[in-house]
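The following exercises are to be worked through with the sequence and the structure in view. Each task is followed by a solution in steps.

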Amino acid sequence: MQQLTRDVVIVGAGAAGLTAANELRKAGLSVVVLEARDRVGGRLWTDVVDGAMLEIGGQWVSPDQEALKETISELGLETYSRYREGDSVYIGRDGALRRFTGEIFPVAPETEREIVRLIEKLDEMVAQIDPDKPWEHPDAEQLDRISFEAWLEEQTPDQEARDNIALFIAGAMLTKPAYAFSALQALLMAASAGSFTHLVDADYILDERVVGGLQQVPLLLAERLGDDVLLGQPVNEVHWSDDGVRIVTDADLEVRARFVVLAHAPILYPWIEFQPALPRLKQQMHQHISMGFVIKVHAVYDRPFWRDQGLSGTAFSPYELSHEAYDNTNHGDERGTLVGFVSDRNADDLFRVSPEERKARILESLSHYYGPEALNPIVYFESDWGAEEWTRGAYAASFDLGGLTRYGADLRTPVGPIHFACSDMAGAGYQHVDGAIRMGRLVAANILDGARS
Ligand code: FDA
């Protein structure tokens with residue numbers, strides 16, 4: 001068995017782990033990053049599929065994501081805007097396709113009034129939430145006991161208004177049905193992005209991309225660490241005491257260190273054997289966190305044909321299989337790429353049918369937005385993170401009903417020398433790369449504090 005000794009061992013070479021490793025190294029500690037996969041980046045992954053460069057995982061950057069933006073600029077990466085010229089399209093409850101500009105969908109005037117009223121109400125509530133401590137909101141207990149769907153039912157009898165407001169958090173963010181998470185969890189999601197209005201505004205939340213793909217962030221962070229990033233090292237044992245840790249991987253490597261950072265999705269902790277076991281509260285907590293589920297669909301065409309029709313490519317409908325879709329053409333590419341998303345129960349249903357049927361149904365849904373040309377892409381690919389052993393869902397993890405107030409405050413608390421960092425436990429930037437970087441920085445600061453004392 002190969003043996004190493006370091007000040008800190010980091011499990012996971014995603015944005016969180018690599019940020020933590022770089023910060024710790026800068027402060028003079030020795031580190032090693034152990035990554036299960038044969039690549040770095042975790043949920044950031046740019047690959048070439050049938051000749052098309054695709055961002056299989058995370059890709060967009062929004063203006064509030066200061067930690068990510070700082071990292072992008074510090075690494076010298078270039079960004080570009082998402083294509084947004086022309087009309088967006090919306091398919092309503094009546095099945096009719098309508099063009100629109102701006103943020104509010106083209107719905108009946110009374111539904112529009114309800115949507116606007118709900119957005120204002122949610123913005124007010126979100127302003128009272130500290131995304132780092134949503135459980136401290138005076139009504140936190142109550143808001144965490146009611147599902148977002150039930151809360152919306154209390155607010156308005158207008159079904160289409162409810163379906164649209166639910167979509168922004170459920171299908172589009174947590175990727176779970178709105179009855180499966182609490183109103184407090186919904187407020188946290190919005191607070192982590194600054195406001196509910198930000199989530200509604202696609203031009204804000206899906207503002208920019210990185211030329212060459214967002215995976216360059218972890219790739220460049222890993223490059224700085226050189227030989228201290230080891231691939232193909234799934235960690236399966238963590239032995240710990242007040243004196244430090246001994247980590248064992250599936251590839252016969254043992255690392256002794258003063259601290260370990262588990263920098264991966266919290267739903268994966270139960271796959272690791274802890275000796276001694278983690279405290280019972282943590283073990284209970286981990287059973288109340290689960291991943292959302294979404295299929296990111298990439299369809300590449302020989303040209304961005306929708307632009308000829310004056311369409312921006314931005315499309316929404318709570319009633320379509322692909323509830324949202326965008327022009328995702330790469331910087332400087334003559335071909336046109338559409339990206340669509342199929343979330344939660346719709347995604348479950350699609351994995352009950354054959355791959356051919358799945359593809360046909362998804363393209364059919366895209367054709368409802370863009371016309372029959374959408375049926376025949378030259379490259380087609382589905383990002384299926386549910387099948388990824390070292391992620392097991394997408395985009396990220398969230399608590400079940402009541403979990404946030406019951407366990408949230410303890411989510412990031414270290415256990416002896418074991419520290420936790422991941423986008424899935426961030427306040428600001430929650431579920432996003434920005435949150436991963438913030439958590440990487442925070443865990444490094446906490447370890448440096450501990451190392452000094
Ligand atoms: P991440 O999961 O990336 O990294 C954890 C690492 O740990 C992985 O490399 C994994 O292999 C490794 N690992 C796990 N268990 C291990 C073990 N036992 N031993 C060793 N290694 C282990 N965000 C955004 O900002 N903008 C966006 O547009 C999107 N869109 C988006 C689309 C899709 C399809 C996905 C899946 C995700 C997004 N996201 C996103 C979310 C974003 O990608 C995500 O929040 C962060 O990349 C997560 O970074 P972390 O470092 O926290 O975890």
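**Exercise 1. A hairpin and its further partner**

Task: Determine how many residues lie between S10 and S11 in the hairpin that they form, and describe how these strands pair.

Solution. The model examined here is a predicted one.

Step 1. S10 and S11 form a hairpin, and 2 residues lie between them.

Step 2. Strand S10 covers residues 235–241 and strand S11 covers residues 244–249; they run antiparallel and are joined by 6 bridges.

Step 3. A residue pair locates this pairing: Val-238 stands opposite Ile-247 in S11.

Step 4. S10 is also joined to strand S13 (residues 273–275), by 3 bridges, and these two strands run parallel. Here His-239 stands opposite Gln-275 in S13.

**Exercise 2. The chain as a whole**

Task: State how many helices and strands the protein chain contains, and decide how its radius of gyration compares with the globule rule.

Solution.

Step 1. Counting secondary structure elements gives 16 helices and 21 strands.

Step 2. For 453 residues the globule rule gives 22 Å, and the radius of gyration of the protein chain is 22 Å; the chain is therefore as compact as a globular protein of that length.

Step 3. Along the principal axes, the C-alpha atoms fill a box of roughly 65 × 50 × 40 Å.

Step 4. Of the 453 residues, 50% count as buried.

Step 5. Consider contacts between residues at least 6 apart in sequence: 72% of them join residues at least 24 apart.

Step 6. An unreviewed UniProt entry carries the annotation "domain: Amine oxidase" for residues 16–448. Over residues 16–448 the chain is 35% helix and 22% strand, with the end C-alpha atoms 16 Å apart.

**Exercise 3. An open sheet**

Task: Give the order of the 7 strands in the open sheet, and identify its edge strands.

Solution.

Step 1. The order is S7-S6-S16-S17-S18-S15-S19, and the pairing is mixed.

Step 2. Strand S7 (97–100) and strand S19 (379–384) each pair on one side only, and they are the edge strands.

Step 3. On average, and ignoring direction, neighbouring strands of this sheet are turned by 20° against each other.

Step 4. At one edge, S6 and S7 run antiparallel and are joined by 4 bridges; the bridge partner of Ile-91 is Leu-97 in S7. The two strands form a hairpin with 5 residues between them, and Gly-95 in the turn has a positive phi of about 85°.

Step 5. S6 is joined to S16 by 3 bridges, and these strands run parallel. Tyr-90 has Phe-316 in S16 as its bridge partner. In S6, 4 of the 5 residues are buried, and the strand is mostly covered.

Step 6. At the other edge, S19 is joined by 6 bridges to strand S15 (residues 294–301), and the two run antiparallel. Val-300 has Val-379 in S19 as its bridge partner.

Step 7. Helix H14 (residues 355–370) lies across several strands, including S6, S7, S15 and S19, and runs at about 115° to S18.

**Exercise 4. An enclosed helix**

Task: Explain why helix H1 is described as largely enclosed by the rest of the structure.

Solution.

Step 1. Helix H1 covers residues 15–26; its 12 residues should span 16 Å at 1.5 Å a residue, and because its end C-alpha atoms are 16 Å apart, the two values agree.

Step 2. Of these 12 residues, 10 are buried, so H1 is largely enclosed. Among the buried residues are Gly-17, Leu-18, Asn-22 and Glu-23.

Step 3. The buried residues pack against strand S1 (2–11), strand S2 (31–34), helix H10 (216–225), strand S12 (253–262) and helix H16 (433–452).

Step 4. Just after H1, Gly-28 takes a positive phi of about 100°.

**Exercise 5. A residue in a loop**

Task: Locate Leu-411 and classify its exposure.

Solution.

Step 1. Leu-411 lies in the loop between helix H15 (403–407) and strand S21 (418–420).

Step 2. A buried residue needs 20 or more C-beta neighbours within 10 Å, and an exposed one has 12 or fewer. Leu-411 has 19 C-beta neighbours inside 10 Å, so it counts as partly exposed.

Step 3. Leaving aside residues up to four places away in sequence, Leu-411 touches Met-285 and Met-425.

Step 4. Leu-411 and Phe-351 are 60 residues apart in sequence, and their C-alpha atoms are 32 Å apart in space.

Terms used. Residues numbered from 1 in each chain as written. Predicted model: local features only at pLDDT ≥ 70, side-chain atom pairs only at ≥ 80, totals over all residues. UniProt positions renumbered as here; feature names shortened; annotations may be inferred. Pairing = 2+ DSSP bridges. Axes fitted to C-alpha atoms, helices over the stretch in contact; angles between N-to-C directions. Contact = placed C-beta atoms within 7 Å. Rg over C-alpha atoms; globule rule 2.2 N^0.38 Å. Expected span 1.5 Å × (residues − 1).
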